[in-house]
Amino acid sequence: MTGAAAAGGPERPGARASKGSARLVAVIALSGVVVSLMQTLVVPLVPRLPRLLGVPADDASWVVTVTLLAAAVVTPVSGRLGDMYGKRRMLALSLLALVAGSVLCAVSETLVPVVAGRALQGLATGVIPLGISILRDELPAERVGSAVALVSATLGVGGAVGLPLAAALAQYADWHVLFQVSAGLGLVCLVATVVWVPESPVRSSGRFDVLGALGLAAGLVCLLLPVIKGGTWGWTSATTLGLFAAAAVVLTLWGFAESRIRQPLVDLRTTVSRPVLFTNLASVMVGFAMYAMSLTLPQLLQAPAATGYGLGRSMLEAGLALAPGGLVMMLLSPVSAAVTRRWGARTALLAGAVVIGAGYGAGLLLMSQVWQIVLTAVLISAGVGIAYAAMPALIMASVPATGTGAANGLNALMRSIGTSVSSAVTAAVLAGATTRVGPAEVPAEGAFRATYVVAVAAVVVGIVLTLLIPRPTGTALPRDARSA
């Protein structure tokens with residue numbers, strides 16, 4: 001150590017740059033955790049929402065549905081806006097939407113404003129792909145992989161840690177406290193973003209494709225709404241089938257139009273290239289497998305012990321049992337980065353999918369004790385963490401620097417589609433075989449096992465799709481290509 005440094009003199013530029021990089025990664029990772037908290041924030045409230053808001057259960061379900069829809073629509077749009085007008089600016093606007101939505105829910109007692117607030121919270125989902133793109137633009141090449149892996153893992157970390165936190169607040173405090181806490185956390189992230197996150201100099205030119213954004217939003221709503229609500233409306237109802245048909249028409253017309261304009265919202269030529277296409281399709285399968293765990297394991301933990309297979313735990317206890325899985329996702333992000341550096345992101349994604357499959361396979365045999373459920377959750381979460389960390393590296397190795405925001409947003413959309421389909425399929429499987437315990441019906445043991453088998457099938461498809469990804473020449477574009 002030099003005398004000046006020992007005496008508290010000025011730091012070397014490299015040391016200042018290192019601190020700045022560490023702050024940047026910390027702010028974006030924290031923002032990712034807070035945004036992903038929104039996915040599980042209201043889960044403990046779902047059974048009580050009809051009474052709290054004074055509406056039928058079907059209407060109350062919009063508190064969950066609208067967040068999923070808003071998240072699906074916003075991710076590719078916010079990514080493109082970030083590429084054009086500044087990723088830091090869009091990151092701050094996304095966090096502002098989270099804060100505004102949280103405040104609106106915190107002061108509301110009726111359905112409409114709560115649904116509006118939850119929609120605003122869903123609009124913040126673009127934070128994670130935007131943050132990943134900022135890291136690619138701002139960090140030294142040797143630090144991009146580990147930073148991206150860490151931020152990618154926050155999607156699972158926030159959900160896993162948020163479940164017991166939300167359950168505790170819902171159980172011991174007024175339900176509005178949930179939204180007060182989320183508003184406070186969002187405000188901290190917003191201030192930190194304004195103070196410490198630099199604006200990326202990498203921009204794409206041209207005008208924003210408004211018609212493309214509206215067309216994609218309409219198509220996604222028509223596609224995802226019946227997926228989410230089909231179990232309630234009926235899978236063969238006129239509403240469900242009509243929306244699916246409308247989605248097919250709208251998305252086909254949208255794709256036709258996007259392929260014929262100079263500056264589309266989504267560059268379909270890049271999107272259908274083998275590395276991007278098969279990475280996105282594999283992302284759907286991994287998202288499916290991740291969400292199946294989130295829906296199945298809590299119900300198994302909370303099923304009455306009188307069934308002979310249920311473990312009779314409270315929502316809070318179930319959340320605490322699953323929390324280690326989220327922490328494992330973050331702890332394994334450096335492992336995924338190391339695998340990516342040594343063998344490539346394709347190998348990391350493949351390894352993650354294999355570990356997920358092994359976790360579900362173990363779960364078929366380990367269902368009788370809480371520790372066994374914890375082990376299953378940890379294994380699946382480990383695989384998800386490795387796989388999620390690899391996806392952005394595969395995407396960014398295949399798209400120009402000026403399109404990383406939109407490309408990462410589209411990849412996040414693919415994961416959202418996977419979780420939405422998983423929600424519908426898992427709910428249908430669990431509802432297909434039930435057993436009565438007193439006045440209540442709960443999923444039968446065979447139904448839980450069936451969800452594991454379906455998840456394993458999704459993982460197998462994901463492995464096949466991953467094997468179809470060409471081996472990339474690197475994990476990201478060269479440093480000099482970033483300013484192209």
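## A nonpolar surface patch

Patches are made of residues with over 30% relative accessible area and no salt bridge, and nonpolar side chains are joined into a patch within 5 Å. In this predicted model, such a nonpolar patch on the surface is formed by Leu187, Val191, Val194, Val195 and Trp196. Together these residues have about 480 Å² of accessible area.

One member of the patch, tryptophan 196, is found in helix α10, which covers residues 176-196. Tryptophan 196 counts as partly exposed because its relative accessibility is 45%, a value between the limits of 20% for buried and 50% for exposed.

## Salt bridges between helices

Across the whole structure, a search finds four salt bridges. One of them links aspartate 58 with lysine 229, where the closest N and O atoms are 3.2 Å apart. Aspartate 58 belongs to helix α4 (residues 57-60) and lysine 229 to helix α11 (residues 210-233), so this pair ties together parts that are 171 residues apart in sequence. The partners have unlike surroundings: aspartate 58 is partly exposed, with a relative accessible area of 32%, whereas lysine 229 is buried, with a relative accessible area of 2%.

Another salt bridge is formed by lysine 87 and aspartate 137, whose closest N and O atoms are 2.8 Å apart. Lysine 87 lies in helix α6 (residues 87-106) and aspartate 137 in helix α8 (residues 127-138), so the pair ties together parts that are 50 residues apart in sequence. Both lysine 87 and aspartate 137 are buried.

## A salt bridge within one helix

The side chains of glutamate 445 and arginine 449 also meet in a salt bridge, with an N to O distance of 3.1 Å. Both residues lie in helix α20 (residues 445-467), where they are four residues apart, about one turn of the helix. Glutamate 445 counts as partly exposed because its relative accessibility is 32%; arginine 449, at 30%, likewise counts as partly exposed.

Salt bridges can also share partners: in this way Asp83, Lys87 and Asp137 are joined into one network.

## The setting of threonine 271

Threonine 271 is placed in helix α13, which covers residues 268-271. With a relative accessible area of 16%, threonine 271 is buried, because buried means under 20%. Leaving aside residues up to four places away in sequence, threonine 271 touches Val266, Val276, Leu277 and Leu410.

Notes. Residues are numbered from 1 along each chain as its sequence is written. This is a predicted model: local features need pLDDT of at least 70, side-chain atom pairs count only at pLDDT 80 or more; totals for chains, interfaces and linings use all residues. Side-chain values use heavy atoms; hydrogens and water are left out. Helices (H or I, at least four residues) and strands (E, at least two) are DSSP runs, numbered from the N terminus. Buried means under 20% relative accessible area, exposed over 50%, partly exposed in between (1.4 Å probe, protein chains only). Contact means heavy atoms within 4.5 Å. Patches are made of residues with over 30% relative accessible area and no salt bridge: like charges are joined within 9 Å, nonpolar side chains (Val, Leu, Ile, Met, Phe, Trp, Tyr) within 5 Å. Accessible areas come from the Shrake-Rupley method with a 1.4 Å probe; for residues, only the protein chains shown count as cover.
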